[in-house]
Every structure is written in C-alpha cells, then in structure tokens.
Amino acid sequence: MSLRKSGKAKMKRFEGENSRYSKKKGKGRGRGRGRGKRRGKGRGRGKRKIKTRERYKKRKFPIQLAMYYFNQCDTKRCTGCKLEKHGFVRALRLGERFNGILLSAWGTKTVTASDRELISKNGLAVVDCSWNKIDQIPKKSLHGQHRILPFLVAGNSTHYGQPAKLSCSEALSAALWIAGFPEEATEIMQIFIWGNGFINLNREVLDLYKECNTHEEVIQAQNLFLENARNEKTKSQSQENDSNSSDLQSVSESDSFSSSSTSSGSENENNNSNSENNNEKEQEQEINDKNEKEKENEDEKEQEQETEKEKEKEKEKEN
C-alpha cells in the first residue's frame, strides 16, 4: 500500500505550511475574506432589532405590549411593525414564553374588565399575521392566555367597515379599552391617520363591553347591540319606503289636480266662448231690431208726406 493512498499521507499533505487547512495561526487566504461584507443584510437586521428594543425601553409605556410576528403581510401597511417602530410593542420570538393575555383566533373567551390586573402585570400580546394565511400559523408555539374580541367594526384603510377583521393596532386598542385603559388605547392609535375613526366607530359598543366583568355579560351586550342595530335598520328602511310612497301619492295627486285644473280650465274657456257667442247674437238682434224700427219710421213718414200732398192737390182743385 503506497503512502499516497493512505490517510497519513493525506494528512501530511493537508497540514503543510502553505496549505489552507494548516493549523498555523494567522489569516486565511482567498475565500474567507469579504464574506462579512457580502452578508450586510443580516447585520442590518440585527441593528434594526437593537434600535427597536432601545425605542421600546425609552418609550416606557405603562403596559407591556408584544406581538408574535410572522412576516405574512406588507411591512409598509403592517400596523404591528409601525407600533414596533415607535416603541410601543416588542417582537416575541416563536416559542418565547409570554404570561399575559394573547389576542388570537383560537381563544374561547372574550376580553373583559376582569382582565385588567393581568394585563397591567404581565402585559398584552397579539398575533401579527395575514387573515388569508391564518391556517399556516403553528398554534403550539404561541404562549399566553388566549382571548378573543367581541363584535367590532374595522376602521383601517384595507378592511374598513368589515366586522371582526381588525388590524393588530385596532385589536390592542380595543382590548385596552375594554380592560379599562382608554387613555392608553387612544395613545396607541394617535400614530395612525384613521386611528380616531376606529374609536369613534366603536365607541358605543366599547363602552358597553367595558362595563362587563364576565364572558357571558359581554356576549349579552353584543347580542343586544346587534338587535338594536337591526331594528334601527328596519325602521329606517320602512321610513324610506313610506317617504317614497308618500312622494308617489303627492305626485299622483298633483297630476290629478293638474288634469282637473286643465279640464276645468277648458270648461271655463268653453263657457266663456259660449257667453261671448250669445252676447254677439244679442247685439246682432238689437241692431236688426233698430234697423227694422228705423225702416218702419221712414215708411210712416213717407205715407204722411203722400197724404199731405194729396190733400194739397184736392184743395187746388176746389179753388
């Protein structure tokens, strides 16, 4: 067996002075240099995390807010990323322990006013993910006491007016309001243009939920609110239908009045024309009567003149 084929010969060849596998201390040559520069993205991400942690510490928000971030949505529109950027929220690693209340889709109970102490001590967290990819999230890696939110309407620009499709910031703000932290809830939403709009949309419901101490009371308040909303909707629809029917009636009455007025006007015109015709006839008769009387008078005068002439002739004869 030759030395070249044996393992010892290979080790000797690798452990040479000029070999790149040599145990001699010093800088390696060739490939080892410049790898750190090529991987600048990783270093930048680490710096960003450090900056967000520093901002979170400087903010000193009275309640610990956190989120499990899964990077499923657009970072420019993600409200959780914006809260983290402003130092309100800290990001949790997947599987990291969290002892507070976690807002997720797998909860069985709603947030109530009785959760105030737990939120003030251990904090409040949310799952930052896309509604279309919620089935891809590993439930076992999420820790905390799972809670859900009652009926609320979204006020963000992507899901405005849609029920139950809240963003991370809206979910955190609603949970804080229900637990008895309205000032903190409004402070979170001040960094968004539509933040006050969400609170104004749901203020009435949030005040109802705020007075409930148990899950059952929250559900009752939710059902009452929905029933009242449905009744108001039916009333408004009935009023609109009544107004439309009254408008149609008024239009038909106006049409009938206009037709009757036109008919009465035509009758008046006919009467006026008949009366004018009668007046003309009467005037013609009067004129005819006058003419006849004048003729009669003329005839009488002629007869008188003739009689006088005859009398004069007779007198001449006598003389």
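Select helix 6, residues 168–179. Its 12 residues reach 17 Å from first C-alpha to last, close to the 16 Å expected at 1.5 Å a residue. Keep in mind that this is a predicted model.

Now colour helix 6 by burial. The helix is mostly covered, with 12 of its 12 residues buried. The run starts with C168, S169, E170 and A171. It goes on through L172, S173, A174 and A175. L176, W177, I178 and A179 complete the buried set. Step past the end of the helix to G180, which follows helix 6 and has a positive phi near 105°.

**The partner helix**

Add helix 8, residues 195–210. The axes of helix 6 and helix 8 come within 9 Å. They cross at roughly 35°, and the crossing is right-handed. For the side of helix 6, show E170, S173, A174, W177 and I178. For the side of helix 8, show F198, I199, R203, L206, D207, Y209 and K210. These two groups meet each other.

**The largest core**

Next, display the largest nonpolar core, a set of 39 residues. Which members touch the most others? They are L65, L103, I119, L124, L172, L176 and I188. Several elements each supply at least two residues of this core. Among the strands are strand 1 (65–69), strand 3 (101–103) and strand 4 (124–128). Helices 6, 7 (182–189), 8 and 9 (215–318) do likewise. Helix 6 gives the largest share, nine residues.

Centre on L65. Setting aside residues up to four places away in sequence, L65 touches Y56, F88, V89 and R90. It also touches L124, L172 and I188.

Then look for the other core, which lies apart from the largest one and has 12 residues. F70, F98, A125 and I134 are among them.

**Two stops around strand 4**

Select D128, in strand 4. Is this residue buried or exposed? D128 counts as buried because its relative accessibility is 2%, under the 20% cut-off. Show what surrounds D128, leaving out neighbours within four places in sequence. Its contacts include M67, Y68, Y69 and F70. C73, C78, G80 and C81 are in contact with D128 too. So is C168, a residue of helix 6.

Move to I134, in the loop between strand 4 and strand 5 (145–147). I134 is one of the members of the 12-residue core. Beyond its neighbours within four places in sequence, I134 is in contact with A105, W106 and C129. Draw a C-alpha to C-alpha distance from I134 to Q72: 9.4 Å in space, with their positions 62 residues apart in sequence.

**A loop residue in the open**

Go to A164, in the loop between strand 5 and helix 6. A164 is not a glycine, yet its phi is positive, about 70°. Where does A164 fall, buried or exposed? A164 counts as exposed because its relative accessibility is 53%, over the 50% cut-off.

**Zoom out**

Show the whole chain. There are nine helices and five strands. From the N terminus on, the order is α-α-α-β-α-β-β-α-β-β-α-α-α-α. Buried residues make up 28% of the 319 residues. Among contacts with a separation of 6 or more, 69% join residues 24 or more positions apart. Finally, turn on the surface. The accessible area comes to about 23800 Å², and carbon and sulfur atoms hold 46% of that.

Key: Residues are numbered from 1 along each chain as its sequence is written. This is a predicted model: local features need pLDDT of at least 70, side-chain atom pairs count only at pLDDT 80 or more; totals for chains, interfaces and linings use all residues. Side-chain values use heavy atoms; hydrogens and water are left out. Helices (H or I, at least four residues) and strands (E, at least two) are DSSP runs, numbered from the N terminus. Buried means under 20% relative accessible area, exposed over 50%, partly exposed in between (1.4 Å probe, protein chains only). Contact means heavy atoms within 4.5 Å. Accessible areas come from the Shrake-Rupley method with a 1.4 Å probe; for residues, only the protein chains shown count as cover. The expected span of a helix is 1.5 Å times one less than its number of residues. A nonpolar core is a set of buried Ala, Val, Leu, Ile, Met, Phe, Trp, Tyr and Cys residues joined through side-chain atoms within 4.5 Å. Axes are lines fitted to C-alpha atoms, for helices over the stretch in contact, and angles run from 0 to 180 degrees between N-to-C directions. A crossing is left-handed if the near helix is turned anticlockwise from the far one by less than a right angle, and right-handed if clockwise.
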